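Biologist: Please take me slowly through this model, beginning with the chain as a whole and then looking closely at one part of it. I am new to reading structures, so I would like each step of the reasoning spelled out.

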Amino acid sequence: MIYETNEQHFSVFKDECIKWIKFFGITEWEIFFVHETYEDGCRAACYTKHLHKIAHLALNKRQDVCEPITDESIKKSAFHEVCELLLSSITFIALDEEIPHHERQGLTESETHKVIRRMENSIFNHVELEG
């Protein structure tokens, strides 16, 4: 079923994205928020121009989903798209066939450890350890 998102949904999406961007300390990207219609029916999307470190985090105006749109589903979509941005450098390097394989391997490993360090500095430091 097709559900429409409105300006209130977009505001929730944007605020939630900003919360997670700050939480993960994603400061190296210029980020724009977009509320447009995408024909694939997705809830949201992350588009990057990796070399220029520009990202568009987009909420789809027309979502083809099973259940009505809620603030929780919007928040989950925002978290998902910020995580895609967080991992986008790994994807970019892994898929760039112009980089020789042995270099891609080292760059991918390096980017993976950057993400792990970022998660150590955010998630690990904010979660109370048990045991």
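**From the whole chain to its first helix**

Modeller: Of the 131 residues in the chain, 38% are buried. Please keep in mind from the start that this is a predicted model, so what follows describes that model. The chain contains three helices and five strands, and anyone who follows the sequence from its beginning meets them in the pattern β-α-β-β-β-β-α-α. Taken along the principal axes, the C-alpha atoms fill a box of roughly 45 × 45 × 25 Å, and the chain has an accessible surface of about 8,600 Å², with 54% of that area belonging to carbon and sulfur atoms. Among contacts in the chain with a separation of 6 or more, 65% are between residues that are 24 or more positions apart.

The part to look at closely is helix 1, which runs over residues 7–24. A first check concerns its length: with 1.5 Å allowed for each residue, its 18 residues should span 26 Å, and because the C-alpha atoms at its two ends are 26 Å apart, the expectation and the model agree.

The next step is to ask which residues of helix 1 are buried. They are His9, Phe10, Val12, Phe13, Glu16, Cys17, Trp20, Ile21 and Phe24. Seen around the axis, these residues cover an arc of only 165°, which means that they lie on the same side of helix 1. A general rule helps in reading such a list: an α-helix has 3.6 residues a turn, so residues three or four places apart point the same way. On the face that is turned away from the buried side, helix 1 carries the exposed residues Glu7, Gln8 and Lys22.

What, then, covers the buried residues of helix 1? The cover includes strand 1 (2–4), strand 2 (30–36), strand 3 (44–49) and strand 4 (54–60), together with helix 2 (71–95) and helix 3. Another residue of helix 1 is Lys14, which counts as partly exposed because its relative accessibility is 34%. Between the C-alpha atoms of Lys14 and Phe32 there are 9.4 Å, although these residues are 18 apart along the chain.

From here we can visit some of the elements that supply this cover. Ile54 belongs to strand 4, and its C-alpha atom is 4.8 Å from that of Glu30, a residue 24 places away along the chain. When residues up to four places away in sequence are not counted, Ile54 touches Trp29, Glu30, Phe32, Tyr47, Thr48 and Lys49. In helix 2 we find Ser88, which is buried because its relative accessible area is 9%, under the 20% that sets the limit for that word. With neighbours within four places in sequence left aside, Ser88 is in contact with Trp29, Thr48 and His50.

Just beyond the end of helix 1 there is a charged link to follow. In general, side chains of opposite charge can pair when their charged atoms come close. The whole structure holds five salt bridges, and one of them joins Glu28 to Arg118, with the closest N and O atoms 2.8 Å apart. Since Glu28 sits in the loop between helix 1 and strand 2 while Arg118 sits in helix 3, this pair ties together parts that are 90 residues apart in sequence. Glu28 itself is partly exposed, with a relative accessible area of 36%.

That link leads us into helix 3, where salt bridges also occur within the helix. Lys114 and Glu111 are paired in one, at 3.0 Å from N to O, and because they are three residues apart in helix 3, about one helical turn separates them. Glu111 counts as buried, since its relative accessibility is 15%. In another salt bridge, the side chains of Glu120 and Arg117 meet at 3.1 Å, N to O, and these two residues of helix 3 are likewise three apart, about one turn of the helix. Both are partly exposed, Glu120 with a relative accessible area of 33% and Arg117 with 46%.

Helix 3, residues 101–126, also contains Met119, which is partly exposed at 33% relative accessibility. Together with Ile123 and Val127, Met119 forms a nonpolar patch on the surface, and the accessible area of the three comes to about 220 Å².

Key
Residues numbered from 1 in each chain as written. Predicted model: local features only at pLDDT ≥ 70, side-chain atom pairs only at ≥ 80, totals over all residues. Heavy atoms only, no water. Patch = residues over 30% accessible without salt bridge, like charges linked within 9 Å, V, L, I, M, F, W, Y side chains within 5 Å. Areas by Shrake-Rupley, 256 points an atom, 1.4 Å probe, with all protein chains shown as cover. Salt bridge = Lys/Arg side-chain N within 4 Å of Asp/Glu carboxyl O. Helix = DSSP H or I, 4+ residues; strand = E, 2+ residues; numbered from the N terminus. Buried < 20%, exposed > 50% of the residue type's maximum accessible area, 1.4 Å probe, protein only. Expected span 1.5 Å × (residues − 1). Arc of directions from axis to C-beta. Contact = heavy atoms within 4.5 Å.
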